[in-house]
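User: I'd like to learn how to read a fold like this one, feature by feature. Can you walk me through it?

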Amino acid sequence: MAAKEPLKYLRTEIVQESHSKDKGECGTESSCCDLDRFVAGVQGFKNRFYERYPEHMQKLVTEGQRPVALMIACSDSRVDPALLLNVAPGDLFVVRNVANLVPPYRPSQGPDGVGAALEYAVHHLEVPHIIVLGHAQCGGIKALLNMATGSGFPSDFIGEWVSMAMDACWQYVPNKDGEGMRQVSLERLKDYSYLVERAAIQGSLANLLTYPWVKEAVEAGRLFLQGWWFDLESGDLWVTSGDNTQFLPVTD
Ligand SMILES: [Zn+2]
């Protein structure tokens, strides 16, 4: 298989794996519609995990989950936490939303999906790690910058949601130029959106500490927070320093 077609190879492998035992009418990617391919993916998942690791899967049923981390990730289809981390079922508790944002603690302001996932992960699952995973080319951050510069599009939900990251943008994006004099304009930041993507991660980490039980667990040494920024162009991962002031590369 040519190296230039790894994705096609992967998809075809899954489809062939799922159909090889029965009808055999669907051996190539092109003969399947997308939903067929998704169902074939579930079949491949079943073959991989339920047939090869039955004890692990049974343990997840009888003993429940014990994930190593809660990951707060973007909804972006290009940055799937389970694919990226190559984890097995039970390893990762995940909440995803546009731009991987964590709202500040606000228990009395109506239903809150992030708060509910956080509470379950920290209180009930007692995860030892929370990772906020952001990424390059984030559409949510682009929407934030477009909205803030007056070039956004009307929206029912997106604008209000991503505006949550505006404070983090001001707080964590370096706001001086090389001579330490002028503020960097939001318009100019559009060309350096990775700075805002990283700032949003830092803001989410800061907001996590507004949840009293998260703060308590962190201070007790039972819970560790980290921000990750995935470079979609190079495939490299950057992580926050211990004091949440900068990102450092960890892959090569
Ligand atoms: Zn994104």
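What follows is a walk from the overall fold to single residues.

Analyst: Sure. Keep in mind that this is a predicted model.

User: Let's start wide. How many helices and strands does the protein have?

Analyst: The protein has 11 helices and 6 strands. Of its 252 residues, 27% count as buried. Among the contacts with a separation of 6 or more, residues 24 or more positions apart account for 61%.

User: Next, the sheet. In what order do the strands run?

Analyst: General idea to begin with: strands of a sheet pair through backbone hydrogen bonds, either parallel or antiparallel. Here, the 6 strands make an open sheet, ordered S2-S1-S3-S4-S5-S6, with mixed pairing. Strand S2 (92–97) and strand S6 (247–249) are at the edges with a single partner strand each, so one side of each has no neighbour in the sheet. From one strand to the next, the twist averages 25°.

User: Which helix packs on that sheet?

Analyst: Helix H10 (residues 193–208) does, touching S1, S3, S4, strand S5 (237–240) and S6. The direction of H10 makes about 155° with that of S3.

User: Let's zoom in on S3. Is strand S3 largely enclosed or open?

Analyst: For that, count the buried residues. In strand S3 (residues 129–135), 6 of the 7 residues are buried, so the strand is largely enclosed by the rest of the structure.

User: And in which sense does S3 pair with S1 and with S4?

Analyst: Strand S1 (residues 69–74) pairs with S3 in the parallel sense, over 5 bridges. Strand S4 (residues 224–230) also pairs with S3 in the parallel sense, over 7 bridges. If you want to check the register by eye, find Ile72, which stands opposite Val132 in S3. Towards S4, Ile131 has Gln226 as its bridge partner, and His135 stands opposite Phe230.

User: Now the core. Which residues touch the most other members of the largest nonpolar core?

Analyst: Ile130, Leu133, Leu144 and Ala200 do, in a core of 49 residues.

User: Take Leu133, then. What is Leu133 in contact with, leaving aside its neighbours within four places in sequence?

Analyst: Leu133 is in contact with Met71, Ile72, Ala73, Val79, Pro81, Asn100, Trp228 and Phe230.

User: How do I describe two helices that pack together?

Analyst: Two packed helices are described by the angle between their axes and the distance between the axes. Try helix H6 (residues 139–148) against H10: they pack at an angle of about 110°, and their axes are 10 Å apart. H6 and H10 are therefore roughly perpendicular to each other. On the H6 side, the contact is made by Ile141, Lys142, Leu144 and Leu145, and on the H10 side by Ser193, Val196, Glu197 and Ala200. Sorted by class, this contact has 5 nonpolar, 1 polar and 2 charged residues.

User: H10 ends at Leu208, I see. Is Leu208 buried or exposed?

Analyst: Leu208, found in helix H10, counts as buried because it has 24 C-beta neighbours inside 10 Å, and the cut-off for buried is 20 or more. Not counting residues up to four places away in sequence, Leu208 touches Val102, Ile130, Val214 and Leu225. Leu208 and Gly115 are 93 residues apart along the chain, with their C-alpha atoms separated by 9.6 Å.

User: Can we contrast that with a residue in helix H5? What does Val114 touch, for instance?

Analyst: Val114 is in helix H5 (residues 113–124). With 19 C-beta neighbours inside 10 Å, Val114 counts as partly exposed. Leaving out residues up to four places away in sequence, Val114 touches Val95, Asn97, Val102 and Pro103. Its C-alpha atom is separated by 8.4 Å from that of Arg96, 18 residues apart along the chain.

User: Last topic: backbone angles. What should I look for?

Analyst: Most residues other than glycine have a negative phi, and most peptide bonds are trans. Asn100 has a positive phi, near 45°, and is found in the loop between S2 and H5. Asn244 has a positive phi too, near 60°, and lies in the loop between S5 and S6.

User: How many C-beta neighbours do Asn100 and Asn244 have?

Analyst: Asn100 has 31 inside 10 Å and counts as buried. Asn244 has 17 other C-beta atoms within 10 Å and is partly exposed.

Methods:
Residues numbered from 1 in each chain as written. Predicted model: local features only at pLDDT ≥ 70, side-chain atom pairs only at ≥ 80, totals over all residues. Buried ≥ 20, exposed ≤ 12 C-beta atoms within 10 Å, placed from the backbone. Helix = DSSP H or I, 4+ residues; strand = E, 2+ residues; numbered from the N terminus. Pairing = 2+ DSSP bridges. Core = buried A, V, L, I, M, F, W, Y, C linked by C-beta atoms within 7 Å. Contact = placed C-beta atoms within 7 Å. Axes fitted to C-alpha atoms, helices over the stretch in contact; angles between N-to-C directions. Parallel < 35°, antiparallel > 145°, perpendicular 65-115°, else oblique. Nonpolar A, V, L, I, M, F, W, Y, C, P; charged D, E, K, R; others polar.
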